[in-house]
Amino acid sequence: MLFNYHTHTKRCRHANGEDREYVENAIQAGMQILGFSDHAPYLFPNTEYYSSFRMFTDELENYAESVRALQKEYANDIRILLGFELEYYPALYEEEKKFLSKVKPDYCIMGQHFAGNEIDSAYVPYMQGTDNFIGYISQILEGLKTGDFLYLAHPDLAGYNYPEEVFQREYRRLCEGAKALNIPLEINLLGLRTKRHYPDKKLFKIAAEVGNQVILGVDAHDPQHFLDTEIEKEALKMVDELGLQLITTPRLK
Ligand SMILES: [Zn+2]
Ligand SMILES: [Zn+2]
């Protein structure tokens with residue numbers, strides 16, 4: 001694997017290992033570009049609210065400093081980028097962008113784990129109700145229109161209990177919207193590795209028809225994940241089977 005833009009760190013409190021170990025394993029795996037994209041710290045207006053899967057806001061600088069230091073140290077071996085996996089929460093997004101701009105990230109990928117503004121919504125895989133699902137797809141498309149996102153991580157994170165015709169219609173709307181904006185969809189290797197409900201062939205069949213570009217994302221939560229070549233092969237098999245257009249050269253906006 002030559003590049004990966006989806007890498008977490010232990011700051012999100014559900015990933016393991018030191019930042020340096022991710023770099024060393026990425027080099028060992030033959031990567032030329034390693035993008036760190038930990039779950040962005042988010043500014044919530046209600047300071048009592050606890051968001052359990054992201055770094056705290058006061059860890060922003062430490063994260064950026066660590067990645068920038070590794071970037072310099074390993075400059076001859078690998079290109080390291082500072083990024084975030086970020087949600088588009090409409091009411092909070094402008095402030096959030098200002099906040100993250102303090103560390104001048106190189107890129108963001110969209111990982112939309114909640115609809116609404118997180119504080120007022122359910123975790124997307126557990127979300128119920130067709131209207132909520134339709135709203136979720138609309139929210140992703142609205143977020144992608146900002147032009148702030150390199151690609152859409154796990155576009156198929158939503159659960160499995162919506163009526164088939166709703167899935168088909170809404171996933172087509174998502175694929176067509178992403179295609180119009182020229183934003184690739186991620187085949188998420190963490191989902192594949194842990195046999196989650198994603199990557200969902202239902203979505204990727206439509207992506208093949210629509211002609212979306214797809215990109216592999218390790219979604220590394222452990223440095224060892226970079227050395228798992230079997231999962232990459234499995235993903236490539238899916239790309240072949242469905243006739244997907246895979247991005248094979250690194251790109252940044
Ligand atoms: Zn995570
Ligand atoms: Zn994610």
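What is the volume of the largest pocket? In this predicted model, the largest pocket has a volume of about 250 Å³, and the sections below deal with its lining, the two zinc sites, the strands and a few individual residues.

## The largest pocket

Sixteen residues line the largest pocket, and the closest to its centre are Pro105, Asp106, Tyr107, Cys108 and Asp148. Two elements, helix 3 and strand 4 (107–110), each give two or more residues to this lining, and the largest share, five residues, comes from helix 3.

## Helix 3

Helix 3 spans residues 93–101, and its buried residues are Tyr93, Glu96, Phe99 and Leu100. Viewed down the helix axis, these buried residues fall within an arc of 120°, so they line one face of helix 3. The face turned away from that buried side carries the exposed residues Glu94 and Lys98. Helix 2 (60–73) and strand 3 (79–86) are among what covers the buried residues of helix 3.

## The site of zinc ion (ligand 1)

The zinc ion (ligand 1) is coordinated through the NE2 atoms of three histidines, His14, His39 and His221, at 2.0 to 2.1 Å. Along the sequence, the donor residues of this ion follow the spacing H-x24-H-x181-H. His14 belongs to the loop between strand 1 (3–4) and helix 1 (19–28), whereas His39 belongs to strand 2 (residues 33–39), so this pair ties together parts that are 25 residues apart in sequence.

The two histidines of that pair are also described by their accessibility: His14 counts as partly exposed, at 37% relative accessibility, while His39 is buried, with a relative accessible area of 4%.

## The site of zinc ion (ligand 2)

The zinc ion (ligand 2) is coordinated by Glu85 through OE and by His113 and His154 through NE2, at 2.1 to 2.4 Å. The sequence spacing of its donor residues is E-x27-H-x40-H, and the zinc ion (ligand 2) and the zinc ion (ligand 1) are 5.2 Å apart. Glu85 lies in strand 3, and His154 lies in the loop between helix 4 (130–144) and helix 5 (164–180), so the pair ties together parts that are 69 residues apart in sequence.

Glu85 counts as buried at 1% relative accessibility, and His154 likewise counts as buried, at 3% relative accessibility.

## The four-stranded sheet

Four strands form an open sheet in the order 1-2-3-4, and the pairing is parallel. Strand 1 and strand 4 stand at the edges, where each has a single partner strand, so one side of each is left without a neighbour in the sheet. Strand 2 and strand 3 pair in the parallel sense over seven bridges, and Leu34 stands opposite Ile80 in strand 3. Both of these strands also hold metal donors, with His39 in strand 2 and Glu85 in strand 3.

## Strands 5 and 6

Strand 5 (residues 185–188) and strand 6 (residues 213–217) run parallel and are joined by four bridges, with Leu216 in strand 6 as the bridge partner of Ile187. In a regular strand the side chains alternate between the two faces of the sheet. Both faces of strand 5 are covered, since Leu185 and Ile187 on one side and Glu186 and Asn188 on the other are all buried.

## Phe53 and Asn25

Phe53 lies in the loop between strand 2 and helix 2 and counts as buried at 13% relative accessibility. Not counting residues up to four places away in sequence, Phe53 touches Cys12, His14, His39, Glu87, His113, Phe114 and Glu118. These contacts include donors of both metal sites, for His14 and His39 coordinate the zinc ion (ligand 1), and His113 coordinates the zinc ion (ligand 2). The C-alpha atoms of Phe53 and Cys12 are separated by 5.4 Å, although the two residues are 41 residues apart along the chain.

Asn25 is found in helix 1 and is buried, with a relative accessible area of 12%. Leaving aside its neighbours within four places in sequence, Asn25 is in contact with Pro223, Gln224, Phe226 and Leu227.

Key:
Residues are numbered from 1 along each chain as its sequence is written. Chains are lettered from A and ligands numbered from 1 in the order in which they are written. This is a predicted model: local features need pLDDT of at least 70, side-chain atom pairs count only at pLDDT 80 or more; totals for chains, interfaces and linings use all residues. Side-chain values use heavy atoms; hydrogens and water are left out. Buried means under 20% relative accessible area, exposed over 50%, partly exposed in between (1.4 Å probe, protein chains only). Two strands pair if DSSP finds at least two bridges between them. Donors are N, O and S atoms within 2.8 Å of the metal (3.2 Å for Na, K and Ca); water is not among the atoms, so sites may look incomplete. The arc is that of the directions from the helix axis to the C-beta atoms. Contact means heavy atoms within 4.5 Å. On a 1 Å grid over the protein atoms alone, a cavity is a set of points where a 1.4 Å probe fits but cannot get out, and a pocket is an open set with protein on both sides within 12 Å along at least five of seven lines; lining residues have an atom within 4 Å of a point. Grid points are joined across faces, edges and corners, and a volume is the space filled by probe spheres set on the points.
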